[in-house]
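Okay, thanks for squeezing me in this morning. Let me put the thing up on the screen, and then I'll walk you through how its two chains fit together.

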Number of protein chains: 2
Amino acid sequence: MSIIDFVLGKPLATSEERAEQIGTAAGVPIFGLDALSSAAYGPEAAMTLLIPLGLAGASLVLPLSLCIVTLLLIVFFSYRQTIQAYPGGGGSYTVAHENLGTFAGLLAASALMIDYVLTAAVGISAGIGALTSAEPELNPHRLALCLAALLLITIVNLRGLREAGAIFMFPTYLFLVCMFAAIAITVFKSVASGGHPHPVIAPPTPGAATEAFGIWILLKAFSSGCTALTGVEAVSNGVKAFREPTVKVAQRTLGVIIVALVLMLGGIAYGAKVYHIVATDPNGNSYQSLLSMLLLAVAGRGWFYFVSIIAILLVLIFSANTAFADFPRVCHILSENFFLPLSFANRGRRLVYSEGILVLAAVTGGLLILFGGVTDRLIPLYAVGAFLAFTLSQAGMVKHWLKGEGKRQWGNIFVNALGAFCTGITVIVVAVTKFMDGAWVTVLLIPSLLILMYAVRRHYHYVSDQVRDVKPLNLENLSRPMVVLPMPYWGMVSQKALRHAIEISDEVKVLHVAEEDKPDQFCQNWAHYVEEPAAKAGLPVPELIQLHSPYRFVIAPIVDFVCKLAEENPTRRIVTIVPELVERHWYAYFLHTQRAALLKASLLMKGNDRISVLNIPWYIK
Amino acid sequence: MSIIDFVLGKPLATSEERAEQIGTAAGVPIFGLDALSSAAYGPEAAMTLLIPLGLAGASLVLPLSLCIVTLLLIVFFSYRQTIQAYPGGGGSYTVAHENLGTFAGLLAASALMIDYVLTAAVGISAGIGALTSAEPELNPHRLALCLAALLLITIVNLRGLREAGAIFMFPTYLFLVCMFAAIAITVFKSVASGGHPHPVIAPPTPGAATEAFGIWILLKAFSSGCTALTGVEAVSNGVKAFREPTVKVAQRTLGVIIVALVLMLGGIAYGAKVYHIVATDPNGNSYQSLLSMLLLAVAGRGWFYFVSIIAILLVLIFSANTAFADFPRVCHILSENFFLPLSFANRGRRLVYSEGILVLAAVTGGLLILFGGVTDRLIPLYAVGAFLAFTLSQAGMVKHWLKGEGKRQWGNIFVNALGAFCTGITVIVVAVTKFMDGAWVTVLLIPSLLILMYAVRRHYHYVSDQVRDVKPLNLENLSRPMVVLPMPYWGMVSQKALRHAIEISDEVKVLHVAEEDKPDQFCQNWAHYVEEPAAKAGLPVPELIQLHSPYRFVIAPIVDFVCKLAEENPTRRIVTIVPELVERHWYAYFLHTQRAALLKASLLMKGNDRISVLNIPWYIK
């Protein structure tokens, strides 16, 4: 078993792929992880922006949450219809592409790709944030922990997640149980104490208000809170994976996810209000996550707290996994349409799109390093991409209903139009309010990705126009090639190469590069070693050409000669033979010149269509 | 003009090499730099070891210097004779190799190579030490300054030092003038004040004695002081470069160098004694070099001080250059005798042995980093190599005179034997006293280098036995090769490759790798595209072979097929054609799979002598 087999698993045959048959219970963890885990950072992201308002901020949490929950419900009904209309899987790219054209499709794809990168980065950084809230001495190692988690997820995904459902199910339900328990206790204590429950461990006292309440700060908090909606589209992407009746099961799964998410968002907002919890500075070393403070207030630092924190940690880190499942799939579809390098379409040894996984891991890692693994700095980049994809998908659905045959379904049109309108407004609000904080990165990246994708396709079309040919084999004007063979001295390697040359051509030109301008010993022995035996055997005699190289360059004169020969014989093919001494030990690299490799590379770079290279190895035993 | 041309200079033709015609005036800087500059660190290295003796140490400087000067004179007379006996250049390697055999030669060569690395490292670090003595605020940047100086020297040497004499002459003579002036003033003031001159700026007061005087500390100080002798052999290496009468001019040059060195060593010792100067801790931040303290005592912090410091700095850094001139030359000779990789024997674009220069620069840089650019830590490694080379060279000279024809020249034999004896004793003293301080590194490195060099030669002989062949071309059993051509789909690239295949062989096997086990569309079209046209043209029909690859690997099945084919046809050669799409833009690397490159590499690694690769490029316009 090789190391690669151990780390990445044995290769899987294409025929080993199996159809998935997912029910609601398994569907919630697999497709809901991303959406549900948003509850762990969305409200906090909104509240972080309310820090300057001091304690006054806590009272704004409930109305803000109400707005976000309303938006969530609109998006829910929109996507319910998408599932119905696209039982084969209706990702934003597909829906936008099919209904609104290539440009809208690519726009949605770019937005989605950026969204997935951020899902991975935010999931990991928020998960590690939960961990360091529980163990503050780990705070200085936040970035290192993030990168370790990223590495782990990458390896797991390169192996392929065939038992994904089983792995995800436990932490997801544990997370839901813990959250609902915490919310239930909060409500119970609150009611019992007449609205003023006493926290077991009190949250840090909020700082004094440094800013007054204003519409701008509210819009910014709303924009950040919208990140709680990310991941809602996942079910609509993967409808195909559900068991019969596919559409019904998928819709029910989405319903369960949305209800759970609404309950959590409401519960967290309520808890923050009654316990007077405000966010802490995420850049500071005394940072504590909102959920950590809430759990401490509800139940103190006991087993319930630690189990909950572990569940949050697992759910957040696993939520990054959603990106690892979806990003490569989007790249694969784009690559099949020639919008991304074709290698994204290759499935690796474990049937996964390895290249997409590696690119996602690299970009996410870069992002984590750039932003120091702090969730709060990543949030402003996040929601733009997700909501742009929402908007395009919903707008596509409107078009889909409009062009549908038969009776216009005005109800459907209204729901999707409302979805498109609300998410569209949200995109604008988010892009404007977060522009200076980092959304400009996303706003710039989306068109850049678009331009790149168009350029890639143009390039492939250009190449394809040149090499495509559906005509049968043309056998006119066949002729044996001319052969050029560089030979520094006479020996076994040279003889073998020369025999090979004579076998494939009647015109063999042997090149001898020499510093001096007059024939050297090699040339003097040429007649004896080569010309006489060839003449005696009745074979065409190879021609010896001495190249003068005053600057001691060896490769350049050979390449120049070959190019000139090709120019002088415009209808002939020229095979340059490159003999090469091959040793299978690494240290041999230092003992022999790398001229053969350099000559091959140089001929490939400077040559033309009629110049090919025949590499003849000589293995040292 | 390319960047490389700008940094390294335009290439030089071999014929542009010119014979040098050096007289004594130019010879002293060129060949004496290393020896003369030793005066700047040798005495200081000895005195640093006397620090624990406190003020008592200062009185030991004169007797110690006397010992060292005596040894220097013995070495001088020895090398005078080497010059006479080897007017073509008598480096230690040459003399030991010719007279004492290969082993002694290689031993001398190893010792020399280590000596040169240390010459470079010590020269640079001592030069920068002089600079930081004058400008103490530069002390924390010592290492960075050392590396910058190393980079500069490396680039200058890669360009080739054709005007070396002129560059070196000015700082060398400036250094001599400053040193002699300082010594003359010291003597004058000392005599005028009756042996107790008043220093202009007093040297730091020596610390209290922490150790008693002992023979061990004296031997250690002597060993360190012996570094003052390094570089004396340079003239004997380069006799050929002097003008007629070569031997006389070379001997006179060596004489001038030795006299100047003796005067400086004596003068420094005298100055240290009368001004009560003791060395300062070289690891401390208040480190000041011996010469700096002497110059301050003599003339204060004026223009004379700064001019002298600059001269010392230049001479020391240029002395590193001696190593850059000689190290590559030794590597070149060893490489021509197959004791080092052959690439050391290639002269670069500027006629210098570029590889030797680069290796020296890398090793010196490593050493400087390892030892933090502090001269004192490098000194213990230094003298062993130099004196071992001295000993072997002198012993070789004894053998030379003994085996000489005609009358035995007992005078000559006595001088070289005395030289060999004294330097031999010194090697032992140095190795023993400095063993724990770092000489063990040198003592271990020398045999390691020896083993390496023997291993390299054995390898070359082994390879050479396999490929050497002085018989004329054997033309028996020629036959056209079998051709294997992988083809994923039918198009221009495939057609071109297939035409090429048909041109060079009657047996063409086309490989089609498919995931499925049954014939795909490509196979169904095969008859139409290839078989029919070939049959119609009366040509042998290429054979289509579909390879089943359940794991989606493309390269492995092809390589396996080719290897199996070679096994089944033990007398045939097999040409594997690898068509390759070539684009001349770097970004194209990401757009096309690297399968062609991987296939070529894989065939080279797993193939055998009868498998060759024909690379047919298709250039995208």
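I'll talk about the symmetry, then the shared sheet, then the strands in chain A.

Quick housekeeping: this is a predicted model, where local features need pLDDT of at least 70, side-chain atom pairs count only at pLDDT 80 or more, and totals for chains, interfaces and linings use all residues. Residues are numbered from 1 along each chain as its sequence is written, chains are lettered from A and ligands numbered from 1 in the order in which they are written, and side-chain values use heavy atoms, with hydrogens and water left out.

So, symmetry. Chain A lands on chain B with a rotation of 179 degrees and 0.2 Å of shift along the axis, RMSD 0.4 Å (a least-squares fit on C-alpha atoms of residues with pLDDT of at least 70 in both copies). The two copies are thus related as by a two-fold rotation axis. In chain A, the C-alpha nearest that axis belongs to A:Leu614, 2.0 Å away. Both copies use the same surface: 100% of chain A's contact residues recur in chain B, contact being heavy atoms within 4.5 Å.

Now the sheet. Which order do the strands take? It's an open sheet of 10 strands with mixed pairing, running 3(A)-2(A)-1(A)-4(A)-5(A)-5(B)-4(B)-1(B)-2(B)-3(B). Strands here are DSSP E runs of at least two residues, helices are H or I runs of at least four, both numbered from the N terminus, and two strands pair if DSSP finds at least two bridges between them. At the edges you've got strand 3 (543–548) of chain A and strand 3 (543–548) of chain B, each with a single partner strand, so one side of each has no neighbour in the sheet.

Where the chains meet, strand 5 (residues 611–619) of chain A pairs with strand 5 (residues 611–619) of chain B, antiparallel, over three bridges. And there's our leucine again: A:Leu614 has B:Leu614 as its bridge partner.

Last stop, strand 2 (residues 508–514) of chain A. Six of its seven residues are buried, so it is largely enclosed by the rest of the structure; buried means under 20% relative accessible area, with a 1.4 Å probe and protein chains only. Strand 2 of chain A pairs in parallel with strand 1 (residues 482–486) of chain A over four bridges, and A:Val483 is bridged to A:Val508. Strand 2 of chain A also pairs in parallel with strand 3 of chain A, over six bridges, with A:Lys509 opposite A:Glu543.

Methods
Buried means under 20% relative accessible area, exposed over 50%, partly exposed in between (1.4 Å probe, protein chains only).
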